[in-house]
Amino acid sequence: MAQSHSSGKGFSIMTSTILIFVLLIASTSTTGAQSGVCYGRLGNDLPSPREVVDLFKQYNFRRMRIYGSDPEVFQALRGSNIELFLDVPNNELQKLSNQDNANKWVQDNIKSYNNVKFRYISVGNEVKPDYSFAQFLVPAMQNIQRAISAAGLGNQIKVSTAIETGALQESFPPSKGSFNVTYRRAYLDNVIKFLVSNGSPLLVNVYTYFAYAGNTRDIRLDYALFTAPSVVVNDGNLGYQNLFDAMVDAVYSALEKAGGGSLNIVVSESGWPSAGGTATSLDNARTYNTNLVKHVKGGTPKRPNKPIETYVFAMFDENNKTPDFEKHWGLFSPTKQPKYSINLN
């Protein structure tokens with residue numbers, strides 16, 4: 001078992017397969033762990049936003065994450081029941097550390113689309129402590145929160161930021177989870193205080209794929225894919241049968257040590273590529289994503305029976321990304337066809 005779980009980061013589809021695919025995502029709605037899908041757009045052959053929203057509706061995907069403001073996506077979402085998780089890109093953090101700019105951003109991107117169901121605003125994504133804009137992260141979060149609250153939307157839209165599990169100093173066993181002091185000093189301690197004060201969750205991108213690919217000697221593939229037949233890691237009185245739970249619980253342990261024990265985690269990205277890298281295949285991608293969406297309904301060993309809201313990465317393969325394995329995370333091809341069948345059994 002690894003001493004660290006850090007992450008970096010011709011179709012023939014029958015009607016029955018499509019139904020299974022719909023049920024996989026939609027069935028989580030009754031548990032509180034309803035899954036969403038990340039809609040990245042780094043491809044030159046992707047469907048239009050209107051077609052994508054129609055595809056979300058067709059498959060009953062009720063939550064969407066996008067990685068920056070896009071009026072065309074907002075227009076397509078108007079009047080739909082799809083809840084939107086909207087990112088503020090890292091390169092906008094400095095600008096939004098000014099309150100007037102934050103007010104304008106909320107006016108232009110939130111208030112102007114009052115029939116779009118915004119759920120989260122992630123101010124920044126995987127900000128590293130040595131990034132030049134890291135110092136602006138918390139001020140930007142505070143300013144966006146003030147603007148959201150002034151608009152009367154504070155109870156509807158939660159403001160947070162998305163971190164990578166690479167922010168952990170220690171993660172094995174999960175009870176030893178702790179945050180890297182560099183992250184804490186740069187912004188994370190103040191982020192945690194902000195989230196506690198506002199009742200917002202911490203957004204965490206959780207990739208067992210990167211942990212496995214980076215340490216195939218010590219991490220078993222079945223442990224990373226949710227297919228291990230029995231407990232692999234014992235941690236006190238808790239047993240871990242999959243790496244995803246271990247990674248999430250390591251973050252919960254780290255939060256407890258940093259004054260954030262009351263916080264919930266939303267898994268803002270998780271998935272498995274189908275080609276281009278170590279252990280990448282259509283079968284492994286299908287296995288991981290199928291098991292992920294089913295598994296999060298039951299919580300983790302540390303927080304059992306507490307469903308985890310999770311966003312599958314990603315909706316489409318994106319051919320403008322590098323290296324090669326980054327192109328192949330999609331549930332769908334750019335032609336809007338599912339890439340593989342997903343079996344609930």
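Buried here means under 20% relative accessible area, a cut-off worth keeping in mind as you click through this predicted model.

**Stop one: the aromatic rings.** Select Tyr67 and Phe313. Their rings meet edge-to-face, at 6.4 Å centre to centre with 80° between the planes. Tyr67 sits in the loop between β2 (63-66) and α3 (71-77), while Phe313 belongs to strand β12 (residues 310-313), so this pair ties together parts that are 246 residues apart in sequence. Colour by accessibility if you like: Tyr67 is partly exposed, at a relative accessible area of 25%, whereas Phe313 has just 3% and counts as buried.

Keep Phe313 on and add Trp329. That's another edge-to-face pair, 5.9 Å centre to centre with 70° between the planes. Trp329 lies in the segment after β12, 16 residues from Phe313. Both of these residues are buried.

Now widen the selection. Ring pairs join Tyr67, Phe313 and Trp329 into a cluster whose other members include Tyr207, Phe244 and Trp272. Across the whole structure, a search turns up 27 aromatic pairs.

**Stop two: strand β3.** Select residues 83-88, where six of six residues are buried. Which residues cover the two faces? Glu83, Phe85 and Asp87 are on one side, with Leu84, Leu86 and Val88 on the other.

Next, show the neighbours. β2 runs parallel to β3, joined by four bridges, and Arg65 has Phe85 as its bridge partner. Trace the chain from β2 through α3 to β3 and you'll follow a right-handed β-α-β crossover. Finally, bring up β4 (residues 117-125), which is also parallel to β3 and joined to it by six bridges; look for Glu83 opposite Lys117.

Note on methods:
Residues are numbered from 1 along each chain as its sequence is written. This is a predicted model: local features need pLDDT of at least 70, side-chain atom pairs count only at pLDDT 80 or more; totals for chains, interfaces and linings use all residues. Side-chain values use heavy atoms; hydrogens and water are left out. Rings of Phe, Tyr and Trp (its six-membered ring) pair if their centres lie within 6.5 Å; planes under 30 degrees apart count as stacked, over 60 as edge-to-face and the rest as tilted. Buried means under 20% relative accessible area, exposed over 50%, partly exposed in between (1.4 Å probe, protein chains only). Two strands pair if DSSP finds at least two bridges between them. A crossover is right-handed if, with the strands pointing away from the viewer, the path from the first strand over the helix to the second runs clockwise.
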